[in-house]
Amino acid sequence: MDYKELKETIDILEKLPDGDRDKMLKLVLTNKSVEQKKPVVGYKQKGLIEKDGDGLYLKLTTKEIKELPMRFRREFYIRDKLVRCYRRQCSEKTVNYEIRYRKNGYNIYASSNDLEEAKRKFIEQLWSADARRDARFPAMARARRRRTYDYDRWDDYYDDDEDFGVPETFHKFAMYYFEKYRKRKVSELTYTNDMYRYNKHLKPYFGDMRLKAIRPDMCQELLDDLQERGLGKTNNEIHSILNNIMKNALAHGVIKRNPMAIVIVEKHKSTHGKALTKQEEKTLLDGVKGTRYEVAFALALYTGLRPNEYYTARIEGDFIVAKNSKRKGGKIEYKKIPIIKKFKPYLEGVTEFDIPNICNVRDKFNSILPKHILYDLRRTFYTRCDECGVSMAARDEFVGHSGGALTDAYRDLSDEYLLKEAEKLDW
């Protein structure tokens with residue numbers, strides 16, 4: 001029964017008395033000829049075939065099969081498996097195509113009023129299902145990819161040859177991005193920290209998943225999990241790294257849309273530390289007197305160096321010279337901090353600094369002042385500059401702050417001026 005016949009039947013039923021209408025309606029509903037899901041028989045259309053009088057099946061071309069993930073490609077190409085396709089007459093002028101694949105634990109569905117669009121959606125759903133299976137069973141996925149590489153070299157999904165273009169799987173593309181672009185843009189420490197976060201959170205989650213298969217909900221789930229575990233700052237950092245990777249993939253034409261564009265992330269509210277009191281300064285230095293940590297803490301306290309700058313510090317006459325770690329784009333810049341009166345006693349007999357491992361330095365500091373963080377030594381120096389009346393220009397020069405592109409271009413403070421301002425630092 002087609003749409004027109006069904007409409008005529010309904011018009012007739014409406015004119016019948018209530019008792020007769022119920023009997024007739026029951027008779028119509030039990031008639032299998034009006035079941036919408038019954039496969040159409042004797043119908044011919046490009047892309048659809050009738051098999052053994054059992055209704056319509058989707059017939060993929062060789063080109064379309066090559067666009068499928070490997071596990072499904074074998075099904076449709078090697079084993080010649082077909083997919084059930086239902087053709088429904090929705091109205092007099094509208095036809096809907098529903099494609100379903102139910103096998104091996106998969107339940108994949110796609111539909112559209114246009115057969116080609118339904119096929120495109122179906123192929124996308126196959127990729128998503130393949131990616132979800134790999135994410136759930138990474139060990140099995142790695143083993144399958146090794147077999148694919150050895151015996152099925154025509155597979156261009158899991159084993160991109162990087163010599164012939166940009167990688168299309170997540171991990172390979174991320175390494176491509178870090179090495180060719182990220183490394184040139186950020187400082188060495190930032191790059192090291194980014195790689196650590198990537199290897200800990202992103203690589204285990206996405207692995208060798210195809211970039212095109214990564215959806216916004218996958219990214220949102222990862223970030224929500226970090227937030228729920230109380231890792232708000234890490235959540236923001238991973239969001240930034242993942243967004244940069246996806247933006248780069250978009251710029252390279254590997255993906256057509258950035259899945260991070262609609263991901264929602266809760267902005268982390270940082271809690272700032274506080275400067276040490278003069279009594280806490282004394283407690284810290286007395287606690288490490290005569291050890292390797294004594295010079296390290298004095299260096300941080302009386303120069304305002306960042307923790308990652310300790311190892312670049314050297315003595316040059318009346319100054320401590322260290323590399324400014326907050327310069328992007330590979331720019332190398334050094335800052336000069338005068339050796340103030342309070343620091344000189346700690347430098348007797350010292351020609352070069354021997355700083356312990358930064359992790360040990362941080363642990364030692366926390367054991368003495370558990371309510372502070374190591375970075376608070378830099379805050380203390382900055383605070384003492386303000387308390388002692390050091391000029392803003394000299395203070396920024398000491399701590400390595402930028403005064404802006406114009407100011408940096410025209411400002412060139414003399415050593416004499418810096419030494420004179422440093423004389424004020426006596427508390």
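A residue counts as buried here when its relative accessible area is under 20%. Alanine 249 clears that bar easily, since its relative accessible area is 0%, so it goes down as buried. Keep in mind that what you're looking at is a predicted model. The protein chain has 427 residues, and 40% of them are buried. Its secondary structure comes to 17 helices and 8 strands.

**The chain as a whole**

- The accessible surface of the protein chain adds up to about 25600 Å², and carbon and sulfur atoms hold 50% of that.
- Take the contacts between residues at least 6 apart in sequence: 56% of them link residues at least 24 apart.

**Alanine 249 in α10**

- Alanine 249 sits in helix α10, which runs over residues 232-251.
- If you skip residues up to four places away in sequence, alanine 249 touches Phe173, Leu211, Val254 and Ile255.
- Phenylalanine 170 is 79 residues away from alanine 249 in sequence, yet the two C-alpha atoms are 9.4 Å apart in space.

**Two buried residues in α5**

- Helix α5 covers residues 115-136, and lysine 119 is part of it.
- Lysine 119 may carry a charged side chain, but its relative accessibility is 5%, so it counts as buried.
- Setting aside neighbours within four places in sequence, the contacts of lysine 119 are Leu58, Lys59, Leu60, Glu64 and Ile99.
- Leucine 126 also belongs to helix α5, and with a relative accessible area of 0% it is buried.
- Between the C-alpha atoms of leucine 126 and leucine 68 there are 7.2 Å, although 58 residues separate the pair along the chain.

**Where α8 meets α9**

- Helix α8 (residues 188-206) and helix α9 (residues 216-228) have axes that come within 12 Å of each other and cross at roughly 140°.
- That crossing of α8 and α9 is right-handed.
- On the α8 side, the contact is made by His201, Leu202, Tyr205 and Phe206, while α9 brings in Met218, Cys219, Glu221, Leu222 and Leu226.
- Sorted by type, the residues in this α8 and α9 contact are 7 nonpolar, 1 polar and 1 charged.

**One side of α11**

- In helix α11 (residues 278-287), the buried residues are Glu281, Leu284 and Leu285.
- These residues span an arc of only 90° around the axis, so they end up on the same side of α11.
- As a rule, an α-helix has 3.6 residues a turn, so residues three or four places apart point the same way.
- The partners that the buried residues of α11 pack against are α12 (292-303), α13 (358-368) and α14 (376-387).

**The covered helix α15**

- Helix α15 (residues 392-399) is mostly covered, with 6 of its 8 residues buried.
- The buried residues of α15 are Ala393, Ala394, Arg395, Asp396, Phe398 and Val399.
- Among the elements covering the buried residues of α15 are α12, β8 (334-338), α14 and α17 (415-422).
- Right after α15 comes glycine 400, and its phi is positive, near 85°.

Terms used. Residues numbered from 1 in each chain as written. Predicted model: local features only at pLDDT ≥ 70, side-chain atom pairs only at ≥ 80, totals over all residues. Heavy atoms only, no water. Helix = DSSP H or I, 4+ residues; strand = E, 2+ residues; numbered from the N terminus. Buried < 20%, exposed > 50% of the residue type's maximum accessible area, 1.4 Å probe, protein only. Contact = heavy atoms within 4.5 Å. Areas by Shrake-Rupley, 256 points an atom, 1.4 Å probe, with all protein chains shown as cover. Axes fitted to C-alpha atoms, helices over the stretch in contact; angles between N-to-C directions. Left-handed = near helix turned anticlockwise from the far one by under 90°. Arc of directions from axis to C-beta.
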